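Please read the following alongside the sequence and the coordinates. The account goes through one sheet and two helices.

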Amino acid sequence: MSKKLNVANTGTPAGSALENVSRRRFLQGGTALTLGFILPASAADKLPAAGPGKAGISLATSVTFEPNAFLHIGADNSVTVIAKHLEMGQGSYTGLATIVAEELDADWAQVRIEGAPADAKRYNNLFWGPTQGTGGSTAMANSWEQLRQAGAAGRAMLVNAAARRWQVGAGEITVSNGMVSHPASQRQASFGELAADAANEAVPSDIKLKDPKDFKLIGKRANRKDSAAKTNGTAQFTQDIHLPGMLVAVVAHPPLFGARVKSFDDRKARKIKGVVDVVQIPQGVAVLAKDTWSAKKGRDALSVVWDDSTAFKLGSDEILAHYKTLAKSPGKLARQVGNTDTAFAGAARVIQASYDFPYLAHAAMEPMNCVIKLNADGAEVWNGEQFHTIDQAVLAKVLELKPEQVKLNMLYAGGSFGRRASKDVDYLVEAAHIVKKTHGRLPGNPAIKLVWMREDDMRAGYYRPLFHHNLQASIDAQGRLTGWQHRLVGQSILIGSPFEAFLVKDGVDGVSVEGAANLPYAIPNLTVDLHTPTDIAVPVLWWRSVGSSHTAFSTETFLDEVAQAIGKDPVALRLELLDKHPRHAAVLRLASEKAGWATPLPAKPGERRGRGVAIHESFKSCVAHVAEVTISKNGAIKVDRIVSAVDCGTPINPDNIRSQIEGGIGFGLSAMNFAITLKDGKVEQGNFDSFAPLRIGDMPQVEVHIVPSQAAPTGIGEPGVPPVLPAVANAIAAATGKRLRNLPFNTQELAV
């Protein structure tokens with residue numbers, strides 16, 4: 001996913017307008033670090049690898065000291081970092097552990113990670129107020145100071161314990177690679193040997209953090225902590241959960257958004273071997289079986305009559321036509337600088353272009369699933385948990401429990417891209433209704449695992465909204481860009497959701513216009529306005545990089561058209577307009593220099609080649625891409641090379657930053673080829689055969705250059721996505737002279 005609830009913060013929670021009780025108490029010494037001691041040292045080597053969702057129930061059981069909630073040190077010398085953010089492939093577990101281990105001076109080999117339980121008082125996202133969750137590329141940024149403090153506090157307590165044991169001054173003690181030493185007497189002890197004593201030390205009130213010049217782990221390559229389990233098959237995803245007597249549920253969803261079950265015949269479904277029950281729920285008809293395949297066969301054997309009298313029945317073409325009509329008049333004002341009417345009235349030349357962006361599915365490798373077990377004390381849930389607090393509250397309401405009676409186990413997620421941060425808690429609520437419907441009806445009240453097929457999520461899921469953009473630029477007689485007018489039309493993700501109060505202001509959905517309303521370029525007259533149609537019933541949700549996934553394309557390709565119109569080099573024009581944004585300018589210079597922007601591309605006989613550039617800020621990080629493409633005679637697009645520069649603050653793990661940029665490039669390039677389209681209200685795509693992401697053979701050569709920085713970390717999971725397609729589109733224009741303004745690209749326009 002992907003959206004921040006508090007846009008005011010850049011890295012240090014102290015600047016947040018929303019109170020963070022957990023951190024405040026931590027700084028006061030009232031909460032924090034957990035030092036747990038449970039096993040004799042001889043048993044340390046037999047410990048299983050810590051996994052997600054085990055916090056509070058795993059290793060630290062016999063003796064627990066809790067100055068903070070992010071760190072266990074066991075007598076077995078293991079250092080366990082409690083990760084409050086979901087690991088869904090973005091490397092958060094490794095990054096969070098690196099922050100703690102750095103200040104603790106732990107040996108990376110002794111560090112393990114556990115997923116935190118649902119507990120917003122301890123594990124809230126500091127940018128989101130009293131809410132626990134992962135999204136908006138906030139994991140490192142909002143944990144930076146908090147986890148540094150946690151690690152440093154643990155280190156100080158170990159040092160004080162050693163000083164007391166050895167009767168020496170704490171200042172005489174050093175810590176390195178998990179060993180506490182007193183060089184003068186040549187005494188030393190491991191963390192595990194000191195853990196019990198450290199548990200009796202007071203939490204330090206004055207914690208000194210490392211000078212960045214002394215970092216040993218941060219800024220260096222560290223092996224990812226989740227790689228081994230994911231490659232040897234021991235990593236726990238929801239699909240790996242098998243509880244005694246558990247049943248699998250697969251649901252027949254309505255073919256149209258808003259349709260309801262009118263009647264159904266389950267006689268054939270119940271004859272399928274393994275099928276145990278069939279129940280109607282608000283979302284459709286659920287078939288419960290002893291295994292997934294039987295449940296699917298049972299679902300496919302159902303005969304359901306749908307009431308579509310109030311269902312949504314428009315197709316994509318009709319929606320787009322509706323949007324284009326709306327775009328003829330001004331929408332709600334999102335930003336105004338100067339007076340664009342005056343600028344356009346006095347213009348020597350006006351440039352205009354429009355852009356269309358389709359609905360897009362998240363298409364994560366692991367489709368939606370979860371497990372819910374209802375028992376006498378409450379409910380236990382296993383899930384790739386991304387929105388702990390919201391999920392917990394909504395599930396409690398559906399199950400008629402108190403939130404604290406809903407225990408969430410955060411498992412690994414096989415991707416999300418925003419889908420598991422469901423603002424409506426959709427698939428979890430669906431599972432909860434099945435549990436309610438079968439509780440007391442099936443012997444033993446079995447746990448229920450809900451499994452969505454990929455077709456279920458692609459045809460009955462949530463989508464990046466379809467958008468239409470209109471842009472105009474005014475140029476004066478001296479060839480200067482004097483005015484910029486940007487009009488957007490698209491559904492709101494936030495209006496009507498729990499997040500409306502945070503991110504919708506004066507009727508303007510902040511995520512619809514992000515990247516457009518905060519355009520960094522120094523343009524003297526600028527207007528951005530927005531139409532938010534409320535008569536379109538297609539479910540929409542944040543998609544990796546959210547609003548920037550479409551605003552970066554329209555703004556960066558349109559600026560290229562402006563550069564062409566006034567005869568300026570695209571990089572030079574951007575640098576001129578970014579005069580007051582040195583961070584943006586620095587990544588642009590770095591990317592263009594590394595790409596050899598000033599050097600013409602080598603020609604290939606019979607092929608057209610071009611180079612294009614784009615820059616965009618999202619989630620407080622700046623990324624510039626330079627793309628090189630080759631266009632064949634039949635219009636086929638080959639992206640040969642992407643050179644990237646990124647400023648995301650302190651690079652905690654450069655290797656992971658490169659991975660995120662590379663992944664973002666592949667993810668963004670996929671949108672060059674696919675779309676979710678509706679015909680008569682039905683989604684036409686169902687799986688990867690008709691919604692094909694980029695294949696590995698089509699991945700270009702990627703070079704990532706990271707700007708050195710000692711600023712607090714900013715987002716990295718999403719910022720690589722927005723500038724990639726505009727850079728490619730600009731490269732295509734350079735190669736062919738043709739502007740592709742709509743996505744997915746129509747390569748027939750490039751054929752010669």
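Which residue stands opposite Lys 332 in β26? Leu 530 does. The model is predicted, with local features needing pLDDT of at least 70 and side-chain atom pairs counting only at pLDDT 80 or more, while totals for chains, interfaces and linings use all residues. Residues are numbered from 1 along each chain as its sequence is written, and side-chain values use heavy atoms, leaving out hydrogens and water.

Helices (H or I, at least four residues) and strands (E, at least two) are DSSP runs numbered from the N terminus. Two strands pair if DSSP finds at least two bridges between them. β14 and β26 (residues 525-531) do so over five bridges, in the antiparallel sense. They belong to an open sheet of five strands, ordered β14-β26-β23-β22-β15, with mixed pairing. Its edge strands, β14 (332-337) and β15 (349-357), each pair on one side only. On average, neighbouring strands of the sheet are turned by 10° against each other, direction ignored.

Helix α16 (residues 548-566) lies across β15, β22 (467-475) and β23 (481-490), and runs at about 150° to β15. Such angles run from 0 to 180 degrees between N-to-C directions, with axes fitted as lines to C-alpha atoms, for helices over the stretch in contact (heavy atoms within 4.5 Å).

Helix α12 (residues 426-438) is largely enclosed by the rest of the structure, because 10 of its 13 residues are buried, meaning under 20% relative accessible area with a 1.4 Å probe and protein chains only. Among them are Tyr 427, Leu 428, Ile 434 and Val 435. Just after α12, Gly 440 takes a positive phi of about 85°.

Notes:
Buried < 20%, exposed > 50% of the residue type's maximum accessible area, 1.4 Å probe, protein only.
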